Amino acid sequence: MALVSVSACGSLSERRDGVTHEVQRFERALDAGQYERLCTALAPATREELEQSAKGGRCVQVIGEQELPAAGAVRGVDLYGDQARVVLEHDTVFLAHFPTGWKVTAAGCLPRPQRPYQCEIKGG
């Protein structure tokens, strides 16, 4: 018998919808060049890693320099407790659930056979 663990934060369907909504908001902000919204969508460690890799530049200054693809439509959402993976046509985005909601932990990710994803933006 298979069991699915769902926290008190909502049903599996509600959680999947929340993740999908957050990724779509992230992609709309990316398309519109709304860097402040992109930075707000990032998990704290991801934002910190981005700023440190840019030698102390502020997130809103450096996020536009990242080579994030136009992601396209959502193809699938996988939930693993407080972690999620959203597979899009041209990108894979990873998220984690925080008290304030879902935040992007990695974006611009490409799968590599037998190895971890290669991500343009990722947390440390």
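The exercises below work through a predicted model of one protein chain.

**Exercise 1. Determine how many helices and strands the chain has, and in which pattern they follow one another.**

Solution. Begin by counting the elements, which gives four helices and five strands. Next, read along the sequence, where the pattern is α-α-α-α-β-β-β-β-β.

**Exercise 2. Work out the order of the strands in the sheet and find which strands are its edges.**

Solution. The sheet is open and has five strands in the order E1-E2-E3-E4-E5, with antiparallel pairing. To find the edges, look for strands that pair on one side only, and these are E1 and strand E5, residues 115-122. From one strand to the next, the twist averages 30°.

Two helices can then be placed on this sheet. Helix H1, residues 12-32, packs on the sheet and touches E1, E2, strand E3 (92-98) and strand E4 (101-112), and its direction makes about 125° with that of E1. Helix H3, residues 44-53, also packs on the sheet, but it touches E3, E4 and E5, with its direction at about 75° to that of E5.

**Exercise 3. Describe how strands E1 and E2 pair, and say which residue in their hairpin takes a positive phi.**

Solution. First, locate the strands: E1 covers residues 74-80 and E2 covers residues 83-88, and they pair in the antiparallel sense over six bridges. Then follow individual partners across the pair, where Val 77 has Val 86 of E2 as its bridge partner, while Tyr 80 stands opposite Gln 83 in E2. Finally, turn to the hairpin, which has two residues between the strands, and there Gly 81 takes a positive phi near 65°.

**Exercise 4. Check whether the span of helix H1 agrees with its number of residues, and find which of its residues are buried.**

Solution. With 21 residues in H1 and 1.5 Å a residue, the span should be 30 Å, and because the end C-alpha atoms of H1 are indeed 30 Å apart, the two values agree. For the second part, take a residue as buried when its relative accessible area is under 20%. The buried residues of H1 are Arg 15, Val 19, Thr 20, Glu 22, Val 23, Phe 26, Glu 27, Ala 29 and Leu 30. Their cover includes helix H2 (35-41) together with E1, E2, E3 and E4. Just after H1, Gly 33 takes a positive phi of about 65°.

**Exercise 5. Decide whether Pro 111 is buried or exposed.**

Solution. Pro 111 is found in strand E4. A residue counts as exposed when its relative accessible area is over 50%, and Pro 111 has 55%, so it is exposed. Its C-alpha atom lies 9.1 Å from that of Asp 91, although the two residues are 20 apart in sequence.

**Exercise 6. Compare the radius of gyration of the chain with that of a compact globule.**

Solution. For 124 residues, a compact globule would have a radius of gyration near 14 Å, and since the chain has 14 Å, the comparison agrees. The C-alpha atoms fill a box of roughly 50 × 35 × 25 Å along the principal axes. Buried residues make up 36% of the 124 residues. As for the surface, the accessible area of the chain comes to about 7,400 Å², of which 51% belongs to carbon and sulfur atoms.

Definitions and conventions
Residues numbered from 1 in each chain as written. Predicted model: local features only at pLDDT ≥ 70, side-chain atom pairs only at ≥ 80, totals over all residues. Heavy atoms only, no water. Pairing = 2+ DSSP bridges. Axes fitted to C-alpha atoms, helices over the stretch in contact; angles between N-to-C directions. Contact = heavy atoms within 4.5 Å. Rg over C-alpha atoms; globule rule 2.2 N^0.38 Å. Buried < 20%, exposed > 50% of the residue type's maximum accessible area, 1.4 Å probe, protein only. Areas by Shrake-Rupley, 256 points an atom, 1.4 Å probe, with all protein chains shown as cover. Expected span 1.5 Å × (residues − 1).
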